Amino acid sequence: MSRGGLLRRFPVLAIRDFRLLLADRLIAPASVGFSLVGVSFAVLKLTNSPTDLSYVLAAQIAPSLIFALLGGVAADRFPPQRVIIAANLMMAVGEGTFGILVLTSRPSLWAMMGLEALTGTGIAIFYPASQALLPRLVPRGMLQEASAISRLAMNTGQMSGAAVAGLLVAATSPGLALVLCGIGMVCTVPPLRSIRAGRESLRSGAADEVNEAAPSMLTELREGWSEFCSHTWLWVIVAEFCVVMMAWYGAFSVLGPVVARAHLGGAAAWGAITAADAFGLIAGGLVSLRFTPRRPMLFVVLTGGAVAISPLSLAMVLPLAAICAASFGLGVFVEMMMVQWTVTMARNIPPEKLARVSSYDVLGSVMAMPAGALIAGPLGAAIGTSRAEYAAAGAIVLAAALALIPRDIRTIRNDDADRLHGAAAAGTADPGKGPPSSVELRRSWSTSGTSAPTRPRTPPRAPAGRRSALRSRPSQVRRRRRNGRSERPS
């Protein structure tokens, strides 16, 4: 397809800043793919201990419990692209240093855990800033297309990086894969520095508030928490996925390799399952370019419940081809769900609070994952791997069923935010007042119903004489009813 044809099919690609963002979202995930393979094999090569590997991976997850919130505040105070640069450089230092130590010496367990904690801090800071940046680069009507293309680039980059890293580690050393991860993260700095969106609005906002003291970090965190709690659909789904991610992480990441080694053929079978999941994510990104569910939050909750397919397929020890097919299908739906989640948050959360709200999202979603890893091993040893997988699937289904209780989950439609936005833009405010403020828009989001599927039209203002006639009509109707006539005046 020619460049002109590509731009006509996907107009969002004509936006310069979005193309620069795509460069980052292709290079950085490819670098993360090198990290995913390099870290595991480096630790196993140096210690030959799965327990030590669990400690190192836990050290990477743990910073999310603290630094995700700080990253959300930073991304609302400063241009998000600068926060992403800082996060990528942290990952570059952590993984690059880890790789150099593996190539030149034998690092201790504590050194590996400390470097992975630095990498995990970068990952925690990255997510809220990434969520806040995309809506500042593209128009509101292009959010779904932009999110789908962006995530498609991320999944393609990560899958390609992991595939190349696997060959590289087999041929050379995991340390080289980690060094290349660090180099790749540094290469993301130039395109991110070239993004201009958001700087002007931040400077104008600072000029308007030059005489006001900057709010404290605790104040900003409270504002983000208040916004997070004000949306029932938001905190309910985050609570659901806290359980879903805990159960899935323990059942799939910890017990999955055990099932593969005992019944499916070992590491090669496990590689096929994870590859099928990655291909499903890419296919889901392609579908998301055109697919829009009418009730996005219902779709998100049901997809969260469908994650139970993963532990169920392992518990039943289905044939490898069937498990791969299930992983592929689940990957498709999970990616479609992530696009809808990203777009819905961007449309319903005020832009100046989106990063902080996203930080509570990532915190709630991942905070129980370490617990899932710690519970899965002992539980599998106590009651058997198959029963532990069934228990994980039951917990996932129960969490999804409870999340369906709030009415907002079942009634929010994809066109609600657009309808309210269009009504505000059409001039529903009083004459002479100008466009409504963000406070008024947020109030309309929180108080409006979800039953009208079409965009309302603001009727033209009637002349003064006609308005007086309209005002007198109710009294005419009452007089006619008193005289025994129920017909309406012509």
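C242 makes a handy starting point: with a relative accessibility of 17%, this cysteine is buried, because the cut-off for that label is under 20%. C324 falls under the same label, at 16% relative accessible area. The model is a predicted one, and a search through the whole of it turns up 0 disulfides.

Charged pairs are another matter, with 4 salt bridges in the structure. One of them joins D17 to R16, with 3.0 Å from N to O. The two partners differ in how much surface they show: D17 is buried at 12% relative accessible area, whereas R16 comes out as partly exposed at 33%.

Another salt bridge brings the side chains of E335 and R151 together, at 2.7 Å from N to O. This one reaches across distant parts of the chain, since E335 belongs to helix 16 (residues 320-348) and R151 to helix 7 (residues 143-171), with 184 residues separating them. Both ends are tucked away: E335 has 0% relative accessibility and counts as buried, and R151 is buried too, at 18%.

K353 and E227 also pair up in a salt bridge, with an N to O distance of 3.8 Å. K353 sits in the loop between helix 16 and helix 17 (354-366), while E227 is part of helix 11 (residues 217-229), so this contact ties together parts 126 residues apart in sequence. Here again the side chains belong to buried residues, with K353 at 16% relative accessibility and E227 at a relative accessible area of 9%.

On the nonpolar side, the largest core takes in 38 residues. W233, L234, I237, M297, V300, W341 and M345 have the most contacts inside that core. Helix 4 (64-77), helix 11, helix 12 (232-264), helix 14 (296-306), helix 16, helix 17 and helix 19 (385-403) each give two or more residues to it. Helix 12 supplies the largest share, 9 residues. Nonpolar side chains in soluble globular proteins do tend to be buried together.

What does M297 touch, once neighbours within four places in sequence are left aside? Its contacts are W233, I237, Q340, W341, T344, I409 and I412. Among these, W233, I237 and W341 are also listed with M297 as residues with the most contacts inside the largest core. A second core stands separate from that one and has 33 residues, including F10, V12, L21 and A146.

Terms used. Residues numbered from 1 in each chain as written. Predicted model: local features only at pLDDT ≥ 70, side-chain atom pairs only at ≥ 80, totals over all residues. Heavy atoms only, no water. Disulfide = S-S within 2.5 Å. Buried < 20%, exposed > 50% of the residue type's maximum accessible area, 1.4 Å probe, protein only. Helix = DSSP H or I, 4+ residues; strand = E, 2+ residues; numbered from the N terminus. Core = buried A, V, L, I, M, F, W, Y, C linked by side-chain atoms within 4.5 Å. Contact = heavy atoms within 4.5 Å.
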